[in-house]
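Biologist: I am new to this structure and would like a close look at one helix and what surrounds it. Please take it slowly and explain the terms as you go.

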Amino acid sequence: MEKIQIAIADDNRQLAEMIQTYLNARPNMDVVAVAHNGRECIEMLKKQQVDILILDNIMPFLDGIGVLDAIKGEKDLEQVRVIMLSAFGQEDLMSQAAKNGASYFIMKPFELERLALQIEHIMEQQPPVQEVKDDPITAVIKEVGIPAHINGYIYMKEAVSLVLEDPNIIYKVTKSLYPGIAAKFDTASTRVERSIRHAIELVWNRGDVKKIAQTFGYSEEHLKNRPSNSEFIAMLYDTVKKNMEQEKQDAE
């Protein structure tokens with residue numbers, strides 16, 4: 001059985017050693033390299049091929065976000081999947097980490113078993129793809145005017161992605177959709193709900209309703225009143241799905 005190749009970057013040497021010992025005890029995992037600062041982490045990744053990087057955010061010389069930026073700039077490293085660790089639950093940090101390519105975000109302290117399970121879950125998914133301009137979800141969200149720097153942007157993208165996977169989840173927004181998003185970004189469902197509502201408010205207060213109507217294929221009169229979170233997510237989903245189907249037809 002081929003083992004998952006793991007690297008750890010954390011300036012807390014005791015924690016890094018604990019993680020290394022625990023993961024090496026798993027039959028399907030092998031910690032192949034450890035670094036204790038951001039610069040050392042980049043050099044480590046260039047020398048050692050890894051599947052997963054467990055990356056602490058606060059480190060000497062170069063922090064976790066800086067490491068993510070460096071990975072994005074290196075073609076040979078773009079397939080490395082990253083689990084970000086942090087002792088601070090700042091939503092702007094989580095949002096920035098997600099935008100820069102982190103696969104998951106875990107708050108310290110955490111259970112080592114949870115970390116191991118998340119590694120397995122990430123490895124079961126398809127390899128990460130760099131976000132491109134023609135990403136159908138991103139294209140529509142940007143077109144309606146949701147600012148990329150707010151948390152609602154990231155949460156909205158994840159919401160549409162989850163609805164594309166399971167359209168019925170749109171009818172279970174509070175019980176399933178928000179908790180699913182919250183679990184990925186290690187936050188609370190209420191924060192997800194508030195952030196998405198805030199994003200919609202920004203669009204309606206600052207955006208061009210005529211342009212929004214054109215994007216969704218509705219009349220301006222229909223969109224005169226600001227939609228609820230679930231209504232807006234449903235409109236995004238319908239538009240993204242329609243665009244994806246059109247692209248598929250065009251390719252055939």
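Modeller: What follows is a walk around helix H2, its neighbours and a pocket that it helps to line. This is a predicted model, in which local features need pLDDT of at least 70 and side-chain atom pairs count only at pLDDT 80 or more, while totals for chains, interfaces and linings use all residues. Residues are numbered from 1 along each chain as its sequence is written, and side-chain values use heavy atoms, with hydrogens and water left out.

Helix H2 covers residues 38-47; helices (H or I, at least four residues) and strands (E, at least two) are DSSP runs, numbered from the N terminus. At its N-terminal end H2 is capped by Asn37, which places a side-chain oxygen 3.1 Å from the backbone nitrogen of Arg39.

Along the helix, the buried residues are Gly38, Cys41, Ile42, Met44 and Leu45, where buried means under 20% relative accessible area, exposed over 50%, and partly exposed in between (1.4 Å probe, protein chains only). Seen down the axis of H2, these residues fall within an arc of 160°, so they line one face of the helix; the arc is that of the directions from the helix axis to the C-beta atoms. As general background, an α-helix has 3.6 residues a turn, so residues three or four places apart point the same way. The face of H2 turned away from the buried side carries Arg39 and Lys47, which are exposed.

What covers the buried side includes strand E1, strand E2 (29-35), strand E3 (52-56) and helix H3, with contact meaning heavy atoms within 4.5 Å. Helix H3 spans residues 64-72 and contains Ile65, which counts as buried because its relative accessibility is 8%.

H2 also takes part in the second largest pocket, since it and strand E1 (4-9) each supply at least two residues of the lining. On a 1 Å grid over the protein atoms alone, a pocket is an open set of points where a 1.4 Å probe fits, with protein on both sides within 12 Å along at least five of seven lines, and lining residues have an atom within 4 Å of a point. The lining comprises 17 residues, of which Gln49, Val50, Asp51, Asp76 and Val80 lie nearest the centre of the pocket.

How values were computed: A polar contact is a pair of N or O atoms within 3.5 Å; within protein, one must be able to donate a hydrogen and the other to accept it, and residues adjacent in sequence count only if both atoms are side-chain atoms.
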